[in-house]
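User: Please take me through this structure by question and answer. I am new to it.

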Amino acid sequence: MTGSKAEELPGKLIAVEGLDGSGKSTQIHLLHQWLKGKGYRVFFTEWNSSVLVREATRKGKKRQLLTPTTFSLIHATDFADRYERQMLPLLRAGYLVLCDRYMYTSFARDAVRGCDKAWLRNLYGFARVPDITFFFRLPLDVALGRILEGRPQLKYFEAGMDLALSPDITESFRIFQGRVLEQYLVMAKEFGFTVMDATRSVHLQQKEMRAIFQKKIDLAAFHKRFTQ
Amino acid sequence: MTAKRFYGIAPAGIDAAKLSGQLIVIEGPDSSGRSTHINLLAQWLEEQGYAVAQVGLKRSTLVGAELERAKEGNVLSPRTLSLFYATDFYDQLENRIVPALRAGFVVLADRYIYTLMARDIVRGADPEWVASVYSMALIPDAVFYLVISLSTLVERTFQSHSELGYWESGMDCGLSRDWFQSFVRYQKRIRNEFLRMQKKYGFQAVNGNRTIPAVDRDLKVRIQQVLQRSE
């Protein structure tokens, strides 16, 4: 359906992962701006953003109709739509594809919700492993602090309320995020994430991110294909 | 009562031991008479004092409407479409089939994962990936597959619609530019996939070329056995 995952593609796939509040979206945004400014062909895509699937997700979340299984499947549907219509064709065309969250978000959150890990990995079996996955690591308290200070209106699923961890939404959020973090830390080794110390300043992190990026990806090769 | 099982592991939060009803699946191509027979069976079962629930594909409140709309536009990749169907399936499994079985109902399913898997595989999906996606499906108490000859299928399809549908002709598969030719090739491929699955999943083949009352009698005899077995 999508060709072999081992097939060498001219483009490169870069993902960021981490807890809410870890600053990963800011970092990938800055990386995106930098690459765009240099004239590279770059494409940015976000978790849970496919137009086709959005309506169903919104409805399901609003009515609290989702079970762990359908919650997971609906996000996989969204991912597949973006993957097959955008990410993969663009990788074939030699683009730098930047993803704010990738399948690891599902592996972490859905496993916490009780989905079988092997089932989840098979579900996303069609997706390529990114060339670099930056994981923004932050102590739980710091991540919680950032979210709870700035955005006190927590959403039902975001706080893991469907798991009945606590009747108090803030407490539920704390427990849920703690469990998600545990999953990430296990995966960091399993999938060889590039771990970033997210406690440092935004600027310092970005400098390091760009340095790692340049070390792992031969940008000169991308310049050659880019005809202006 | 025989204990229910899942093909793989159960979905999170579902206890198979609490499912006391029976899940009976009718599979077969469009125009094979599935819905006619399900209606006859439902009436008959209720007359005998069994509570009946009917389920089918694309009927979930979660994505049913979106799926319908997306198919009209024909803009989804095959994998997205198959995951959309999987979402619809599990939504119904968890929110309709399982609660009905827990309450002791006989659930009549107008098609099940087999149609979904056959369609995906015919469109080039990796059979192992497909089987894995549906591995949390409950194993039915019985699956009846209405087998119908291609000529009868064509005849009945034209009788009821006087045209061939886009999806049931597999026009998205690029098998032929000729609509009729595509229909024939697509239906053959689906059938071959069903025959392959028949052994693996233990379908009972039912000759659907006969008259409605003849097929109905046949199904009732077999379902009676299923119900007796589980009492």
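User: Which hand does the crossing of H1(A) and H8(A) have?
Analyst: Helices (H or I, at least four residues) and strands (E, at least two) are DSSP runs, numbered from the N terminus. A crossing counts as left-handed if the near helix is turned anticlockwise from the far one by less than a right angle, and as right-handed if clockwise. By that rule, the crossing of H1(A) and H8(A) is right-handed.

User: How far should the model be trusted, and what is the average pLDDT of chain B?
Analyst: This is a predicted model, in which local features need pLDDT of at least 70 and side-chain atom pairs count only at pLDDT 80 or more, while totals for chains, interfaces and linings use all residues. Residues are numbered from 1 along each chain as its sequence is written, and chains are lettered from A and ligands numbered from 1 in the order in which they are written. The predictor gives the complex an ipTM of 0.84 and a pTM of 0.89. On pLDDT, the predictor's confidence in each residue from 0 to 100, 98% of the residues of chain B score at least 70 and the chain average is 91.

User: Which residues of H1(A) make the contact with H8(A)?
Analyst: Residues are in contact if their C-beta atoms, placed from the backbone, lie within 7 Å. On the side of H8(A) are A:Val202, A:Gln205, A:Gln206, A:Met209, A:Arg210 and A:Phe213. On the side of H1(A) are A:Thr26, A:Gln27, A:Leu30, A:Leu31 and A:Trp34.

User: What is the angle between helix H4 and helix H7 of chain A, and how is it classed?
Analyst: Axes are lines fitted to C-alpha atoms, for helices over the stretch in contact, and angles run from 0 to 180 degrees between N-to-C directions. Helix H4 (residues 103-112) and helix H7 (residues 169-190) of chain A pack with their axes 9 Å apart, at an angle of about 130°. Angles under 35 degrees count as roughly parallel, over 145 as roughly antiparallel, 65 to 115 as roughly perpendicular and the rest as oblique. H4(A) and H7(A) are therefore oblique.

User: Which strands stand at the edges of the sheet in chain A?
Analyst: Two strands pair if DSSP finds at least two bridges between them. In chain A, 5 strands form an open sheet with parallel pairing, in the order E2-E3-E1-E4-E5. Each edge strand has a single partner, so one side of each is left without a neighbour in the sheet. The edge strands are E2 (42-46) and E5 (194-197).

User: Which residue stands opposite A:Phe136 in E5(A)?
Analyst: Strand E4 (residues 132-137) of chain A pairs with E5(A) in the parallel sense over 4 bridges. Opposite A:Phe136 in E5(A) stands A:Met196.

User: What is the average twist from one strand to the next in the sheet of chain B?
Analyst: In chain B, 5 strands form an open sheet in the order E2-E3-E1-E4-E5, with parallel pairing. Its edge strands are E2 (52-56) and E5 (204-207), and each pairs on one side only. From one strand to the next, the twist averages 25°.

User: Which element gives the largest share of the side of chain A that touches chain B?
Analyst: 27 residues of chain A are in contact with 28 residues of chain B. On the chain A side, helix H2 (51-62), helix H3 (68-92) and helix H5 (117-123) give two or more residues. The largest share, 11 residues, comes from H3(A).

How values were computed
Two residues are in contact if their C-beta atoms, placed from the backbone, lie within 7 Å.
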